[in-house]
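The following exercises concern a ligand site and the cysteines of one protein. Please study the sequence and the model before reading the solutions.

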Amino acid sequence: MKTIKVNITKALKGEITVSGDKSISHRIVMIGGIAEGRTRVTGFLTAEDTINSARAMISLGAEIEGIGTETLIIKGKGLRGLSEPENILDLGNSGTGIRLLMGLLAGQSFFSVLTGDASLRKRPMARVAEPLRQMGANITGREGGKKAPIAITGSKLKGIDYKSPIASAQVKSSLLLAGFYADGETSITEPMKSRDHTERMLRFFGAEIKEKDLTVSIKGGQRLNAGEIVVPGDISSAAFFLVAASIVEGSDVVIKDVGINPTRTGIIEVLKNMGADIELFNKRDFGFEPVADIRVRYAPLKGTTVSGGLVPRTIDEFPILCIAGALADGETIIRDAKELRVKESDRIAAMAEGLRRMGVEIEEFEDGLRIVGVERLNGARCRSYSDHRVAMAFIIAGLKADGETVVEDTEWISTSFPDFMNKLNSLKG
Ligand code: S3P
């Protein structure tokens, strides 16, 4: 077990970049792998989760050079060019990796088995297995296919019109990838819009994706043409520094080249509502994704409420948002966020426990939290529950706590942001 000790800090200052977007990095190895031609990727996230996805694609016959670096060359195999893997595909900690691959593999002509670590094996897989079965997929697994390991015997698929009960980009993307292999049209309607990186990337690679209100549709059999991809910085990684600079007096930080896809910028909206001093400049596009440089300066925060359509746009930022809420004036209320219970950990329980240890009054709901802000936290021993974002959130909390904060199981940070501590230390001067 790795632990990290944190003490109160002086102002954070400087200019950083954050590592490449995790969602886009997962998608590019899968989509590049079934495209025709050579895809060059720069800014790829070199973290455990995305490297596992790249390795899985290599096991499926895709040629990928540069694993372990930020520049990949993917020699796509075309829609029908993947082949049966010799061994189990291990997606480690990644829900995106396993669920998107389930969609990609359902319509192949071969057998595959997917699994992951103890956390991933606890997470719900029925949300993709069930609609994929409606398309004709042959999926089994633990608890009747509700949990990994998941076994897929490739089969002929047909398009369906699926109304998803949850706003989930993983469900949507899994069905879109399966839709390439299905006869007819596959449509997915979500209750609220989730991140749309898959739709944007598929279009960039030449696929026709229809979109009307909350429904996305794809026709089977379309060809994808390889392209040149620059991955923007991950706003979910930048979020830790947006909050850090907002809570530490005197801070002034610039984060360059951050993806600002509107389906991901909930954190900026919420922090601005709380009174944060955040400025976006140098707005431009990296191919099919909008990017900006972000300046954030210390500003006193006030409590807020986050619920409804803002939740999917902020979904991965709730751990760090809880820290912002804990240091805001007044109460912060998070509702409609039941999905947080089935992320890499139960993030509602994990954040409530750690913040209580740091002296914060918290009320837990099934779908959220009520946090009563304080001026300064008390240093404490906080558990990460093997969750990268919980670990990083408590490290940031420690910067504004009296006494030492010890965060346990911090090795999990390398699933998404191996360079996190170096970036943070560089801002301490
Ligand atoms: C992701 C979608 C979100 C998010 C996850 C990454 C993606 O999950 O929490 O970290 O890349 O599609 P859901 O789609 O399950 O909400």
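**Exercise 1.** Which residues surround the ligand?

*Solution.* This is a predicted model, in which local features need pLDDT of at least 70, side-chain atom pairs count only at pLDDT 80 or more, and totals for chains, interfaces and linings use all residues. Residues are numbered from 1 along each chain as its sequence is written, and side-chain values use heavy atoms, with hydrogens and water left out.

Step 1. A residue is near the ligand if one of its heavy atoms lies within 4 Å of it. The surrounding residues are S23, R27, T96, S168, A169, Q170, R195, I315, D316 and K343.

Step 2. Examine polar contacts (pairs of N or O atoms within 3.5 Å). Oxygen atoms of the ligand lie 2.7 Å from a polar side-chain atom of S23 and 2.8 Å from a polar backbone atom of A169. For K343, a polar side-chain atom is 2.7 Å from a ligand oxygen.

Step 3. Helix 1 (22-34) and helix 6 (169-179) are the elements giving two or more residues to this shell.

**Exercise 2.** Determine why C322 and C382 do not form a disulfide.

*Solution.* Step 1. A disulfide is a covalent bond between the sulfur atoms of two cysteines; the criterion is a pair of cysteine sulfur atoms within 2.5 Å.

Step 2. The cysteine sulfur closest to that of C322 belongs to C382, and because the separation is 12 Å, it is too far for a bond.

Step 3. Both are buried (under 20% relative accessible area, 1.4 Å probe, protein chains only): C322 has 2% relative accessibility and C382 has 0%.

Step 4. The count is zero disulfides.

Key
Buried < 20%, exposed > 50% of the residue type's maximum accessible area, 1.4 Å probe, protein only. Polar contact = N/O pair within 3.5 Å; in protein donor to acceptor, adjacent residues only side chain to side chain. Helix = DSSP H or I, 4+ residues; strand = E, 2+ residues; numbered from the N terminus.
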